[in-house]
Amino acid sequence: MWILPTYNRPEQCAAVLAQIEQVGCSTPGIVIVNGYDGISKYARIKMPPHWKIFFSPINLGVCGAMQLHFLNYPFEPFYGLICDDEYVYTPGWDTALIQAAGRFGIAHGNDGWQSETRLHTYATWGGDLLRTVGWWALPNLWHWYFDDIWEGFARDCGLKRFCRDVKTEHKHYLAGKAVRDKTYAAAELKAAEDQQRYQQWVQNEYPRVRDRVKHAMAQAEPKAAGNS
């Protein structure tokens, strides 16, 4: 299932959803609105087919929304993240990313900005990978560094699948395509705290979890693992 966490951006979220509907989406998703003050702002947004909306009483951040979704839906075949400033333009994008991710991979689209070097835009995880790790975003992260953690897994376990033909666009202010609004500013306040949590986890826990992923992949595909 896809999730689209959003905070204080009803018009922008509506535009992202309209683009998803226009280009087509055959798989289910859920919009996670952070903070009950967003009910009146988001309640009338039109959902694509098979999508629904959930209102969180507090602002969970992107990482909190990811983790909540994984706890609520622990047996999904895939988990996909769409941010409320990311647009997609390629028909069949969802099935292409899901198939590329498979059970243990991480696939992502091509935003023409950071995707050549980083896991970026419309990132999609295989469900068995998340169940092996035990979470989607590291608990106690709020916004930052969850992607750095998955970059480490992708590098060390050979998980990344860059779907160059799935065209996306990240309308971020650092790309010169948006203004630095209150949502960006709120996230930036959490950067130092998230960095500390990330660094502690990498130092103390990452090797053990990485080896668990490698073992699970070898058990699932012993022939492929033996040929790698």
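How many helices and how many strands make up the secondary structure of the chain? In this predicted model, the secondary structure comes to 10 helices and eight strands. The overall dimensions can be considered before the individual elements. A compact globule of 228 residues would be expected to have a radius of gyration near 17 Å, and because the chain has 17 Å, its value agrees with that expectation. Along the principal axes, the C-alpha trace spans about 55 × 40 × 35 Å.

The balance between interior and surface was then examined. Buried residues account for 50% of the 228 residues in the chain, while the area that the chain exposes is about 10900 Å², of which carbon and sulfur atoms supply 53%. When contacts are restricted to pairs of residues at least 6 apart in sequence, 74% of them join residues that are at least 24 apart. With regard to charge, the chain carries 24 positive and 24 negative side chains, and the centres of these two sets lie 3 Å apart.

The description of individual elements begins with strands β1 and β2. Strand β1, which covers residues 2-6, runs parallel to β2 and is joined to it by five bridges; within this pairing, I3 has I30 of β2 as its bridge partner. Strand β2, formed by residues 29-34, is mostly covered, with six of its six residues buried. The cover extends to both faces of β2, since G29, V31 and V33 are buried on one side and I30, I32 and N34 are buried on the other.

Residue P5 offers a closer view of strand β1, in which it lies. With a relative accessible area of 5%, P5 falls under the 20% limit and therefore counts as buried. Once its neighbours within four places in sequence are left aside, P5 is in contact with I32, A65, L81, I82 and D84; of these, I32 is one of the buried residues of β2. The C-alpha atoms of P5 and C25, which are 20 residues apart along the chain, are separated by 18 Å.

A second group of strands is centred on β6. Strand β6, made up of residues 106-110, is mostly covered, and five of its five residues are buried. Strand β6 pairs with β7, residues 123-126, in the antiparallel sense over two bridges, and the bridge partner of I106 in β7 is W125. Strand β6 is also joined to β8, residues 160-170, in this case by four bridges and with the two strands running parallel; here H108 stands opposite F162 of β8. Strand β6 thus takes part in an antiparallel pairing with β7 and in a parallel pairing with β8.

Is A100 buried, partly exposed or exposed, and which residues does it touch? A100 is found in helix α4, which spans residues 93-101, and because its relative accessibility is 25%, between the limits of 20% and 50%, it counts as partly exposed. When residues up to four places away in sequence are not counted, A100 touches A107, R161 and C163. A100 and T124, although 24 residues apart in sequence, are 8.7 Å apart in space when the distance is taken from C-alpha to C-alpha.

The loop between α5, residues 127-133, and α6, residues 146-157, was considered last, and N140 has its place there. Most residues other than glycine have a negative phi. N140, however, has a positive phi of about 80 degrees although it is not a glycine. Its relative accessible area is 62%, over the 50% limit, so N140 is exposed. Y145 is also placed in the loop between α5 and α6, and its phi is near 75 degrees, again a positive value in a residue other than glycine.

Residue L138 is likewise found in the loop between α5 and α6, but its relative accessibility is 2%, and L138 therefore counts as buried. The loop accordingly holds both an exposed residue, N140, and a buried one, L138. Not counting residues up to four places away in sequence, L138 touches I149, R197 and W201. L138 and M66 are 72 residues apart in sequence, yet their C-alpha atoms are 9.4 Å apart in space.

Terms used: Residues numbered from 1 in each chain as written. Predicted model: local features only at pLDDT ≥ 70, side-chain atom pairs only at ≥ 80, totals over all residues. Heavy atoms only, no water. Rg over C-alpha atoms; globule rule 2.2 N^0.38 Å. Buried < 20%, exposed > 50% of the residue type's maximum accessible area, 1.4 Å probe, protein only. Contact = heavy atoms within 4.5 Å. Areas by Shrake-Rupley, 256 points an atom, 1.4 Å probe, with all protein chains shown as cover. Lys, Arg positive; Asp, Glu negative; His and termini not counted. Charge placed at Lys NZ, Arg CZ, Asp CG, Glu CD. Pairing = 2+ DSSP bridges.
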